[in-house]
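Welcome! Keep the structure open beside you and work through the exercises below one at a time, trying each task before you read its solution.

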Amino acid sequence: VILKHQLSGFMKETDFEIMVGSVKLGVGDASNAVLVKNLYLSCDPYQRSLLTTPGSPVPGFGVGKVVSSSHPGFEPGDLVWGMTSWEEYSLIIEPKILLKIEHADMPLSFYTGLLGMPGFTAYIGFFKKGAPKKGETVYVSAASGAVGQLVGQFAKLHGCYVVGSAGSKEKVDILKEKFGFDDAFNYKEEPDLEAAIKRYLPDGIDIYFENVGGKMLDAVLPNMKTGGRIVVCGMISQYNLSGHEGVQNLIYLIRTSIRMEGFRVMDHYHLHPKFLDMVIPHIKEGRINYLEDFAEGLENGPAALVGLFHGRNVGKQVVVISRE
Ligand code: NDP
């Protein structure tokens, strides 16, 4: 899947084209190279910012199987997840983020989400940046997505009271019934977001897990408790704008002594094994649920990626290239 031209505003399916070409199934003369057969590809909002080079395949996270390798860390047959490209086979030279899958008893697609980059983002953001305490109140925006659904469940496991917002009734029902959020609302049906948040969290918010930015952030700031933390994970409402919306209520950072901190998950991968040790028992013993939204076939990848910015995905958006 190739980016046809520079993007402008919201991406569209027509910004991409499918090209058919052949690859030699080997690493050739390249050193530290890994040829991977891609199995599952991940659709992630940050890909909007990577889509800058027309004529090249869409970059992104994926799960695959090593076909051949001149890299000392990988052998043919290894299952891997990490940065790859939207193509059936990827030749990855000097891989920066490519990790061997040690727990192959889990569904492989989970390494695009729950066990991969988004799940790990939820873990780092909530536990390391949010510094949660039992009994605190947590609010999560874009709560039914890949990251949000896990933040809510981690918060519940930690003994917090959790409210989430999402963009449809179906998603709101899933938050409460499948992921165990204490309450949830459809932000698209709330003409006054600040009042809506006050209604659902009348005593204020200790931790806001920010996935959206813009008007949502403005509505949250006056609802924060003194000493609250805003974990700035993402601002999806801003990614397709040419300029960024101004936030009016930043003065509340001072008034209520709020700590607001961003982070990049890529700076924390050394902690990924620790994350797996924590999360896998929860999955195996049924304490964590997870919802995936599968698009079948590479040719359906562009529509799936575009859909993230219109809330069409229900759960983690995955593109299936091959199941083996
Ligand atoms: P999701 O699976 O949640 O998909 C995106 C969702 O965002 C959509 O389904 C939609 O749900 C919602 N959305 C889209 N546009 C808007 C808008 N204008 N206003 C409000 N909501 C909107 O994505 P992820 O869980 O993968 O990512 C969540 C956030 O985490 C993103 O901001 C992403 O950039 C960020 N992130 C940050 C990382 C880091 O290192 N800091 C790493 C990974 C992700 P709805 O129907 O609810 O509107």
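## Exercise 1: Strands side by side

In this predicted model, Leu-35 stands opposite Ser-68 in strand 4.

**Task.** Find out in which sense strand 4 pairs with strand 3, and over how many bridges.

**Solution.**
- Start by locating strand 3 at residues 33–42 and strand 4 at residues 59–69.
- Next, follow their directions: the two strands pair in the antiparallel sense, over seven bridges.
- Now look for another partner of strand 4. Strand 5 (residues 79–85) also pairs with strand 4 in the antiparallel sense, over seven bridges.
- Finish with a single pair: Lys-65 has Leu-79 in strand 5 as its bridge partner.

## Exercise 2: Crossing over a helix

**Task.** Describe the pairing of strand 14 with strand 15 and trace the path of the chain from one to the other.

**Solution.**
- Strand 14 covers residues 292–296, and its pairing with strand 15 is parallel, with five bridges.
- As an example of two facing residues, take Asp-293, which stands opposite Gln-317 in strand 15.
- On the way from strand 14 to strand 15 the chain passes through helix 9 (residues 301–308), and this β-α-β crossover is right-handed.

## Exercise 3: Two residues to classify

**Task.** Decide whether Val-320 and Ala-131 count as buried, partly exposed or exposed.

**Solution.**
- Recall the cut-offs: buried needs 20 or more other C-beta atoms within 10 Å, exposed means 12 or fewer, and partly exposed lies in between.
- Val-320, which lies in strand 15, has 18 C-beta neighbours inside 10 Å, so Val-320 counts as partly exposed.
- Leaving aside residues up to four places away in sequence, Val-320 touches Tyr-40, Phe-294 and Glu-296.
- Ala-131 sits in the loop between helix 2 and strand 8. Ala-131 has 14 C-beta neighbours inside 10 Å and therefore counts as partly exposed.
- For a look at distances, Ala-131 and Arg-229 are 98 residues apart in sequence and 8.2 Å apart in space, C-alpha to C-alpha.

## Exercise 4: An enclosed helix

**Task.** Explain why helix 3 (residues 148–157) is described as largely enclosed by the rest of the structure.

**Solution.**
- Count the buried residues: eight of the ten in helix 3 are buried, so the helix is largely enclosed.
- Name them: Gly-148, Gln-149, Leu-150, Val-151, Gly-152, Gln-153, Phe-154 and Ala-155.
- Ask what covers these buried residues. The cover includes helix 2, strand 8 (137–140), strand 9 (161–166), helix 4 (169–177) and strand 11 (205–210).
- Look just beyond the helix: helix 3 is followed by Gly-159, which has a positive phi, near 85°.

## Exercise 5: Domains and ligand

**Task.** Work out how the chain is divided and which domains contribute to the shell around the ligand.

**Solution.**
- The protein chain is divided into domain 1 (2–113 + 291–320) and domain 2 (117–266).
- Their C-alpha centres lie 28 Å apart, and the contact takes 15 residues from domain 1 and 18 residues from domain 2.
- Turn to the ligand: 31 residues surround it, and the closest are Gly-145, Gly-167, Gly-234, Ser-237 and Gly-311.
- Both domains take part, since the shell draws at least three residues from each of domain 1 and domain 2.
- Helix 2 (117–129) and strand 15 (316–320) each supply at least two residues of the shell.
- By type, the shell residues divide into 15 nonpolar, twelve polar and four charged.

Key
Residues are numbered from 1 along each chain as its sequence is written. This is a predicted model: local features need pLDDT of at least 70, side-chain atom pairs count only at pLDDT 80 or more; totals for chains, interfaces and linings use all residues. A residue is near a molecule or strand if its C-beta atom, placed from the backbone, lies within 6 Å of it. Helices (H or I, at least four residues) and strands (E, at least two) are DSSP runs, numbered from the N terminus. Ala, Val, Leu, Ile, Met, Phe, Trp, Tyr, Cys and Pro count as nonpolar, Asp, Glu, Lys and Arg as charged, and the others, Gly among them, as polar. Domain bounds come from an automatic or database domain assignment. Two residues are in contact if their C-beta atoms, placed from the backbone, lie within 7 Å. Two strands pair if DSSP finds at least two bridges between them. A crossover is right-handed if, with the strands pointing away from the viewer, the path from the first strand over the helix to the second runs clockwise.
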